[in-house]
Amino acid sequence: MTAPAPTPEQAALLRVLICDEMNPGNLNHDGFQIDYQGNMDRAETLRRLPEYDALITRSRTKVDRELIDAAGPRLKVIGRGGVGVDNIDLDYASLRGLLVLNAPESNNVSAAELAVMHLMAAARGLTRSDRLTRAGEWDRKYLGLELKDKTLGIVGLGRIGSIVADRAQGLRMNVVAFDPYVPDSKFERLGVTRAATLDDLLSQVDAITVHTPLTDETRGMIGAAQLARLRRGAIAVNAARGGIIDEQALVDALHSGHLFAAGVDVFVDEPPTPDHIFLHAPNLGITAHLGANTVEAQERVGAEIVSRVLDALHGDVSKGAVNAPALDAKTMEALGGYLTLGEKLGRILSQLLPGAHDVEVTFRGEFPADPAPVVTSVLVGYLSGSTDETPNMINARALARERGVNIAIREEGDSPDYQTEVIVKVTGGDGQKERTRTVGGTVFGRNPRLTRLRDFRVELEPDGYILIASNQDKPGAVAKLSTLLGSWGVNIAGMALGRAEKGGQALFTLTLDDALTPGQLAQVRELDVIDSAYLVRV
């Protein structure tokens with residue numbers, strides 16, 4: 001038996017399929033037909049998807065190549081209720097021109113409250129007392145801790161970290177935060193003390209909670225050395241992403257008694273194996289990645305992702321975009337190399353001067369097309385790894401505004417050395433000591449080249465690890481540094497030299513095959529021929 005043919009009115013509707021369980025809220029919207037069938041089996045999803053303009057899932061349905069190919073040309077948007085998009089093949093969806101959306105803000109309050117719950121439970125020994133009481137041991141001698149007048153350290157003052165700060169202040173805690181990407185104005189608005197460095201924060205707090213994305217820079221950022229900097233008897237909480245606090249280091253600090261207690265909602269590998277070290281650690285409260293699991297959050301996430309998908313089908317893609325639909329073929333052909341260059345320049349500057357409040361992009365020369373999209377690509381690179389959302393060509397400007405970043409664009413005449421040149425300057429500081437960093441580049445064919453660092457001319461491919469060192473223009477600096485790198489087995493893939501004047505300040509860059517450890521970078525800075533040294537990853 002075949003389904004009846006749709007009426008003309010039905011055929012004109014934009015159709016949305018919700019194939020996973022959620023609370024989608026109101027399903028009656030003018031111009032749309034929204035079909036909700038939670039836990040739809042895969043075969044049925046494959047069969048029905050070609051009839052729809054948008055698909056909404058949670059984490060259950062795997063939106064892989066098979067599903068995307070089965071959808072055919074009608075599908076335009078994929079919505080993921082919640083934060084993660086691990087179940088969606090983003091690269092293939094982007095290749096097929098599909099817009100992927102999520103709703104990361106919907107569970108912010110729930111995630112923040114869970115972190116505060118872990119903090120309070122750790123302070124009062126809730127997990128310990130529950131376990132002993134169930135085992136028949138009535139221990140009333142245990143002494144917990146009051147949180148009032150204690151100092152909480154927050155690593156990452158994004159949306160969730162800001163809510164945690166507010167709730168902690170409600171408990172009459174003092175709050176200190178470390179987040180180099182957030183402007184001073186936000187700290188002032190929240191009444192939170194700014195820590196200049198992570199070590200500065202660790203040395204002055206009684207408890208720590210982390211709320212950063214998981215990146216190469218944040219993975220293991222709280223290890224044994226960092227936990228040791230905390231006051232003895234401190235509390236540590238990780239309800240963000242598994243691995244930000246090193247798991248073994250956390251357990252060791254609990255066993256030694258250096259930490260009073262801890263709470264975790266996340267593991268590196270989930271679910272944990274029966275022999276996981278967390279399951280037998282003392283004074284450690286554990287939940288099963290429940291940050292988003294509240295009735296209210298689930299109601300918000302369903303309604304929010306439906307709203308965003310409907311907006312996207314009507315052309316408004318300003319909220320929740322995870323990937324960026326490709327620019328038109330003509331623009332990509334003309335500006336492809338410059339878009340790559342812009343992102344690389346932004347990424348370099350994010351490591352040289354995080355948390356800038358001003359970004360200025362200068363275009364020199366005649367570009368093959370309007371270079372305005374290059375400004376957005378600069379912001380994508382600069383904001384990468386520093387926000388709760390993944391920046392892309394759709395949301396980067398909005399994320400920059402949220403961070404209090406001012407954007408300026410300048411157009412100048414010809415570059416003195418190149419046919420075209422993009423120069424990016426960022427400015428940041430605490431209002432008393434402003435700092436600026438400048439990088440520039442061009443494109444040869446479609447290949448980006450770095451052409452400027454500060455006021456020095458250089459020329460190298462911006463790839464891999466780049467060691468940027470300044471020194472007085474005297475013989476021996478490069479040789480000493482090369483010898484030191486060679487003793488560590490670090491290979492130099494490329495080199496560029498620049499100087500302001502003979503015998504004056506000079507700068508040289510080395511492209512390395514491998515990263516340097518913090519200890520190795522410290523030894524580079526200690527060389528008597530080096531004034532300063534920075535390592536960036538492009």
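## A tour of the predicted model

With the whole protein chain displayed, begin by colouring by burial: buried residues make up 49% of its 538 residues. Keep in mind throughout that this is a predicted model. Switching to a cartoon view brings up the secondary structure, which comes to 17 helices and 22 strands. The radius of gyration of the protein chain is 26 Å, close to the 24 Å that the globule rule gives for 538 residues, so the chain is as compact as a globular protein of that length. If you draw a box along the principal axes, the C-alpha atoms fill roughly 80 × 75 × 45 Å.

Before zooming in, consider the chain's contacts and its surface. Among contacts between residues at least 6 apart in sequence, 65% join residues at least 24 apart. Turn on the surface next: the protein chain exposes about 25,500 Å², of which carbon and sulfur atoms supply 50%. Colouring by charge shows 57 positive and 71 negative charges, whose mean positions are 3 Å apart.

**First stop: the nonpolar cores**

Select Tyr338, Val361, Val422 and Val424, which are the residues with the most contacts inside the largest nonpolar core, a set of 41 residues. Then highlight helix H13, residues 329–352, since the largest share of this core, eight residues, comes from that helix. Centre the view on Val424 and, leaving aside its neighbours within four places in sequence, look for its contacts, among them Leu345, Leu349, Val359, Val361, Val378 and Val439. The contacts of Val424 also include Glu360, Arg437 and Thr438. A second, separate core has 31 residues, and selecting Leu202, Ile245, Ala253 and Leu259 will take you into it.

**Second stop: backbone details in loops**

Move to the loop between strand E11 (259–264) and strand E12 (284–286), where Pro271 is found. Show the backbone here, as the peptide bond from Glu270 to Pro271 is cis, with omega near -5°.

Next select Asn39, placed in the loop between strand E2 (32–36) and helix H2 (42–48). The phi of Asn39 is near 60°, a positive value in a residue other than glycine, and this residue is partly exposed, with a relative accessible area of 42%.

Arg172 can be examined in the same manner, in the loop between helix H7 (159–170) and strand E7 (174–178). Although Arg172 is not a glycine, its phi is positive, at about 65°, and the residue is exposed, with a relative accessible area of 54%.

**Third stop: two loop residues and their contacts**

Go on to Gly413, which lies in the loop between strand E14 (406–412) and strand E15 (420–429) and is partly exposed, with a relative accessible area of 48%. Add Gly365 to the selection: Gly413 and Gly365 are 48 residues apart in sequence, and their C-alpha atoms are 5.5 Å apart in space. Leaving aside neighbours within four places in sequence, Gly413 is in contact with Arg364 and Gly365.

Finish at Val85, found in the loop between strand E4 (77–80) and helix H4 (90–95). Is Val85 buried or exposed? Val85 has a relative accessible area of 13%, and it counts as buried because that value falls under 20%. With neighbours within four places in sequence set aside, the contacts of Val85 are Arg80, Leu90, Val100, Asn102 and Val322. As a last distance to draw, take Val85 and Asp463, which are 378 residues apart in sequence and 27 Å apart in space, C-alpha to C-alpha.

How values were computed:
Residues numbered from 1 in each chain as written. Predicted model: local features only at pLDDT ≥ 70, side-chain atom pairs only at ≥ 80, totals over all residues. Heavy atoms only, no water. Helix = DSSP H or I, 4+ residues; strand = E, 2+ residues; numbered from the N terminus. Rg over C-alpha atoms; globule rule 2.2 N^0.38 Å. Buried < 20%, exposed > 50% of the residue type's maximum accessible area, 1.4 Å probe, protein only. Contact = heavy atoms within 4.5 Å. Areas by Shrake-Rupley, 256 points an atom, 1.4 Å probe, with all protein chains shown as cover. Lys, Arg positive; Asp, Glu negative; His and termini not counted. Charge placed at Lys NZ, Arg CZ, Asp CG, Glu CD. Core = buried A, V, L, I, M, F, W, Y, C linked by side-chain atoms within 4.5 Å.
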